[in-house]
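Please look through the model below from its overall dimensions down to one pair of packed helices.

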Amino acid sequence: MGINKLLDFIKKYRYTLIFLFIVLIGMYLRFYKIEYIQSFGWDQGRDAWLVRDIINGKIVLNGPRTGIGHFHLGPLWYYLLVPFYLLTNLDPVGAIYLNAIANIFNFIAIFYVSKKIYGNKAALFITFLYATNNYLIQINRTAWNVSPIPGVAVLIFYGIYKVVFEAKYKWIFGIAFLTGLFLHLHFSVVFLPIIIVLSFIFVKDKKKAIIWGIASLPLLLVWFIPNILYDIQSKKNNINLFSNFLKDYLIGGFHFRFFLYRLNDAFIQFQMILSLPKTYNFFKFIIPGIYLVTLIFEKARKQKILGYSIFLWFIVPAFGYSFYGGTTSEYYMLMNSLLVIYVIYYLQNKLLKLKFKPTIYLLIVFWSIFTYSQTRNLWNGTNGLVKQKEDVRERIRQNNKIPFDEGDIKAYLWHIWVEDKK
């Protein structure tokens, strides 16, 4: 290939090449020395036992147990793990391989959707922020069913975008399919139907949207089949769990003060992604507050509707969680993590349109410092999976049995090495 052809190739595919470079950076930050720094916790231990059961011929119909109400999600993650556990001879390191693929899926989905909505340059900026953000790096390192949430969530958001702004009603099929898939990822799926319906307020042909929505229901409900079969076989099924959940956790009506409290949960991703100090909770509302004010004065109708659609992903969970009296965690809102970056991009774009020359230089300095602070000291861990394996080998040398424990990866390793002779 001549130098001119090479330059033409680079020019033609420059955005794709830059994207691939960003993916390499993101994957390096997430998976370099991963076995030495990332230990396997309760979720990974539970997954390992159930994948072993599947490989041994057991049909597993109930998925991971949720932290809210202890319902069971769908079992898809277990079955996705099976080929990787077979490849590694039941070694749980196989979960890391699947997690790497899930992360690549997230990168591709994020770049594709961002490019379609905002353009190539914006997509590269958004993907770079996602790749180098400390919180997202840390949570992406964990090999669990939550891993594909950013990619699946942004595809659902894009499906809504296609229906609302381009009247592509066939995308409702994709929305239904991905929403059903979300049932196998996290409990926050309960908010998606409400978000989707409220987003469709601005569709051009509501009658057509309803028809396509009804026609798409099988693509949603098919994901419930394993759970339904499990409920039929089990006396302690999800229906009973749901009634117990209502009894134990439903606070009995809407309370405005508690809703304000739950706003902290709904906007927690701003705090996590921007590394805002936890001692000043109101900091997490500054950026979305500025975004809301900016939208009020926004002249472009499309941007106003897009802003409305984005805010639904925060406000609907805030209302939903305001009826729930139990505890939550920051990853319960991982579904809107990318939308935090979309808000940041929109506000930055507004700043650049002011055409104040020093702005671009100040932003370059800011993002350089921010990226450095986010990506330093990522490999300081010493208690990863390698250390857990060493502990088990030492127990075996001492003939010290590790009894079964559903969420203990060491118990699993002892069993497959001693009992299963792997």
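**Overall dimensions and one helix pair**

Because a compact globule of 422 residues would have a radius of gyration near 22 Å, the 23 Å of the protein chain agrees with that expectation; the radius is taken over C-alpha atoms, and the globule rule is 2.2 Å times the number of residues to the power 0.38. This is a predicted model, in which local features need pLDDT of at least 70 and side-chain atom pairs count only at pLDDT 80 or more, while totals for chains, interfaces and linings use all residues. Residues are numbered from 1 along each chain as its sequence is written, and side-chain values use heavy atoms, with hydrogens and water left out.

Along its principal axes, the C-alpha trace of the protein chain spans about 70 × 60 × 50 Å. Of the 422 residues, 51% count as buried (under 20% relative accessible area, with a 1.4 Å probe and protein chains only). The secondary structure comes to 22 helices and zero strands, where helices are DSSP runs of H or I with at least four residues and strands are runs of E with at least two, numbered from the N terminus.

Helix α2 (residues 14-31) packs with helix α7 (residues 120-132) at an angle of about 10 degrees, their axes being 9 Å apart; axes are lines fitted to C-alpha atoms over the stretch in contact, and angles run from 0 to 180 degrees between N-to-C directions. That angle makes α2 roughly parallel to α7, a label for angles under 35 degrees. Among the residues that meet are I18, F19 and I22 in α2 and L124, T127 and F128 in α7, contact meaning heavy atoms within 4.5 Å.

Notes. Parallel < 35°, antiparallel > 145°, perpendicular 65-115°, else oblique. Buried < 20%, exposed > 50% of the residue type's maximum accessible area, 1.4 Å probe, protein only.
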